[in-house]
Each structure stands twice: as structure tokens, then as C-alpha cells.
Amino acid sequence: MSSVPDNAPHQCPGTQSEDAGKASACAGCPNQNICASGVPAGPDPAIEVIRSRLANVKHKILVLSGKGGVGKSTVTSLLGHGLAKLNPDVNVGILDADICGPSQPRVLGVRGEQVHNSGSGWSPVYVTDNLSLMSIGFLLGSPDDAVIWRGPKKNGMIKQFLSEVDWGDLDYLLIDTPPGTSDEHLSLVQYLSAAGVTGAVLVTTPQEVALLDVRKEIQFCRKVGLPVLGVVENMSLFVCPNCKSRSEIFPATTGGAAQMCSTLQAPLLGALPLDPLLARCCDSGRDFLQEIPGSPAVAALQAIVKQIVSTCES
Ligand SMILES: Nc1ncnc2c1ncn2[C@@H]1O[C@H](COP(=O)(O)OP(=O)(O)OP(=O)(O)O)[C@@H](O)[C@H]1O
């Protein structure tokens with residue numbers, strides 16, 4: 001097999017050559033950085049390690065959002081609690097793969113906990129008996145420490161999380177990702193594809209500015225062969241806790257997620273209302289489903305969980 005990529009310059013020394021990435025012909029070649037990095041060509045051996053590590057994880061679900069701040073981490077934590085509450089025998093894990101902005105330890109109320117490394121790998125932190133979490137937040141000296149890493153280092157961390165966390169037997173692993181479609185998403189898809197990824201849940205708000213990016217996210221999923229389990233429209237409506245009147249804080253000027261899902265033929269999983277008590281619970285790491293069971297957001301969430309379970313089990 002030729003070691004000269006199709007898009008390489010005429011004088012390419014070959015990706016296996018000692019001069020790969022360093023020869024004068026390499027200047028300006030799109031593959032120069034990869035060749036110069038010395039990363040071995042061919043399948044990454046970590047893929048097999050990840051496949052075997054995640055062999056006992058039944059459903060691996062990525063939670064994606066086009067835009068930042070639309071509630072992806074909140075929805076991930078709610079789904080985690082919602083799935084874990086279905087049945088004490090359902091085991092759920094959350095992997096916080098938002099390397100630069102890990103918020104799950106705070107939202108799930110386990111900030112300051114330690115992860116332990118043993119012969120069998122890193123043990124995740126248990127939020128409840130059947131809900132566990134792994135996050136880079138546990139590895140930082142202080143919650144205010146900034147992670148300022150370039151792509152390859154972030155990808156290395158993701159690889160390590162996927163290959164070294166000892167989740168045990170899980171029914172659902174929810175992976176909270178950074179916003180957008182960056183290097184980290186490609187790495188996750190690449191590493192998980194051998195282990196069998198169930199699909200993606202996409203989170204958006206009803207505004208066109210957020211929908212615009214979630215459309216790109218749907219295209220990304222289709223390009224990389226990641227099934228779209230569905231879209232959650234977050235902060236759809238605000239129901240006043242006093243007078244119960246409903247208002248659209250983020251107006252759906254273009255028909256919101258429902259219209260977008262029908263145009264792009266993607267399933268709409270449901271709409272979560274904006275509830276200030278939910279924000280308060282997340283900020284203080286309390287379990288919203290347990291604390292405010294009567295909130296319309298809890299009923300909406302339970303319906304979304306039901307749909308995800310039925311899609312996964314079908
Ligand atoms: N339905 C909701 N009702 C009230 N507040 C909400 C709701 N969803 C999210 N929030 C609040 O909005 C803020 C942003 O949410 P979150 O951190 O989950 O967004 P994100 O999309 O994960 O952000 P990032 O892009 O930084 O990862 C948080 O303060 C959260 O508590």
C-alpha cells in the first residue's frame with residue numbers, strides 16, 4: 001500500500017519515511033503536522049483498549065450542543081438522574097468530556113471528591129448508588145484552575161478517560177461534550193465507533209441563533225455516521241411559579257426545535273421549560289428531580305427519558 005496520501009505534494013517522501021513532515025517538499029502539505037508528530041500510521045492501538053474497556057457499557061450516548069450555554073450539562077445531569085431513578089438496577093455513568101469547562105462535579109454535588117487509581121483503572125465518583133461520574137474537574141488542584149490545552153492534549157485526555165475508567169457494568173454512559181463540533185468530538189466518535197456508540201442527544205434553545213448551530217450538529221452526526229437519538233429543546237417556556245402564566249423568554253421566531261426537527265427529519269425528544277429552581281438546584285449541586293418533583297420540568301424530563309430508553313431498547 002502506498003504511504004503517499006492523495007493530497008500530498010509530488011515530492012512527498014512517504015508517511016513512513018524518516019523525513020516525513022521534515023523534507024522541503026513537506027512545506028505547505030496539509031499532512032505535515034501529523035507526519036512531523038511521529039504518530040504511528042495505521043489504526044490507533046488505543047481503539048482496541050477502549051473497545052474492551054467499554055464492552056460492559058450497553059449504551060453510549062453523546063450529549064451535544066451547537067452553542068454554548070444552552071443547557072447541555074444541565075440536561076446531561078438531569079438525564080443521568082432520570083435514567084438512574086427508573087430502577088435501582090439500572091447503572092448510569094456520566095463522562096464529563098468538556099475538558100476546558102467541566103461543570104458536572106458542581107451540578108451533581110460532588111465537587112472536591114477524589115478519584116482513585118487502582119490496578120483496574122480510575123474509579124469514578126459515585127453520586128448515588130447507581131450514578132457515577134468521571135470528570136477532569138476531579139483532577140484539578142482547584143475548581144478555579146484553568147485548563148489551557150491545545151487539541152492533541154485534550155484528545156489525549158479523552159482517550160485516557162475512555163480507556164482507563166473502570167465503570168463496571170453500565171446500562172447507560174452519557175458523555176457531556178464541549179459545545180460545537182471540534183477536535184474532541186471527532187476523537188470521541190473515532191474512539192467510540194469501535195466500541196459501538198448508540199447515538200447523540202442534541203440540546204438547543206428555541207432561538208434561531210441556537211438552532212442554526214444545532215443544524216450543523218445534525219449534519220456533523222450524519223457525516224460521521226452517529227445516529228441522532230433526538231433533540232431536546234431547553235428553556236422553551238417560562239411558567240411563572242406564582243401566577244402560572246406562560247412566557248417565551250427565548251422566542252421561537254423560526255418555529256423552534258419542532259420546526260427544525262420536522263424539516264431535517266430528526267426526532268424531537270421534548271421541550272424542557274425554564275425553571276429558576278432548576279438553575280438554583282444545579283448551582284448548589286442538589287438533585288432537582290428529588291427536590292422539586294412537582295415542577296413541569298420534571299414531567300417533561302421524565303417523558304424525554306422514556307423516549308430515550310425506548311429508542312435505545314428498540
Ligand atoms: N431549563 C432550565 N431552566 C433554568 N435554568 C437552566 C435550564 N437549563 C439550563 N439552565 C441554566 O443555564 C446555565 C447554563 O447551563 P449549562 O451550564 O448546562 O449550559 P451548557 O450548554 O452546558 O454550557 P457550556 O457551553 O458552558 O458547556 C446554568 O446556569 C444552568 O443552571
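Author: Let's start with a definition: a crossing is left-handed if the near helix is turned anticlockwise from the far one by less than a right angle, and right-handed if clockwise. Keep in mind that this is a predicted model.

Reader: Fine, so what makes α7 roughly parallel to α8?

Author: Helix α7 (residues 208-224) packs on helix α8 (residues 256-264) at an angle of about 30°, with the axes 11 Å apart. Angles under 35 degrees count as roughly parallel, so α7 and α8 earn that label. As for handedness, α7 passes α8 in a right-handed crossing, so the near helix is turned clockwise from the far one.

Reader: Which residues in α7 and α8 meet?

Author: From α7 you have L211, R215 and I218, and they meet A257, M260 and L264 of α8. That contact has five nonpolar residues, one charged and no polar ones. Arg counts as charged, so R215 is the charged one.

Reader: Why is α3 called roughly perpendicular to α11?

Author: The axes of α3 and helix α11 (residues 296-313) cross at roughly 70° and come within 10 Å. The perpendicular class runs from 65 to 115 degrees, so this pair falls inside it. On the α3 side, L78, L79, G82 and L83 do the touching, and their partners in α11 are L301, Q302 and V305.

Reader: And how does that contact of α3 with α11 divide by class?

Author: Five nonpolar, two polar and no charged residues. Gly is put among the polar residues, so G82 goes there along with Q302.

Reader: What makes α2 oblique to α6?

Author: Helix α2 (residues 46-53) and helix α6 (residues 183-195) pack at about 55°, their axes 8 Å apart. That value is not under 35, not over 145 and not in 65 to 115, so oblique is what's left. The crossing of α2 and α6 is right-handed too.

Reader: Where do α2 and α6 meet?

Author: A46, I47, I50 and R51 in α2 meet Y191, A194 and A195 in α6. By class you get six nonpolar, one charged and no polar residues. Tyr counts as nonpolar, so Y191 sits with the six.

Reader: How many residues surround the ligand?

Author: There are 21, and the closest are G68, G71, S73, T74 and A279. The elements giving two or more residues to that shell are α3 (72-84), β9 (228-239), β11 (268-274) and α9 (276-283). The shell has nine nonpolar, nine polar and three charged residues.

Reader: What is the mean pLDDT of the protein chain?

Author: It's 89, with 94% of residues at 70 or more. Among the elements, α3 has the highest mean, 98, and helix α1 (residues 32-37) the lowest, 75. Where pLDDT is low, the predicted coordinates should not be read in detail. For the complex, the predictor gives an ipTM of 0.98 and a pTM of 0.85.

Definitions and conventions. Residues numbered from 1 in each chain as written. Predicted model: local features only at pLDDT ≥ 70, side-chain atom pairs only at ≥ 80, totals over all residues. Near = placed C-beta within 6 Å. Helix = DSSP H or I, 4+ residues; strand = E, 2+ residues; numbered from the N terminus. Axes fitted to C-alpha atoms, helices over the stretch in contact; angles between N-to-C directions. Contact = placed C-beta atoms within 7 Å. pLDDT = per-residue confidence, 0-100.
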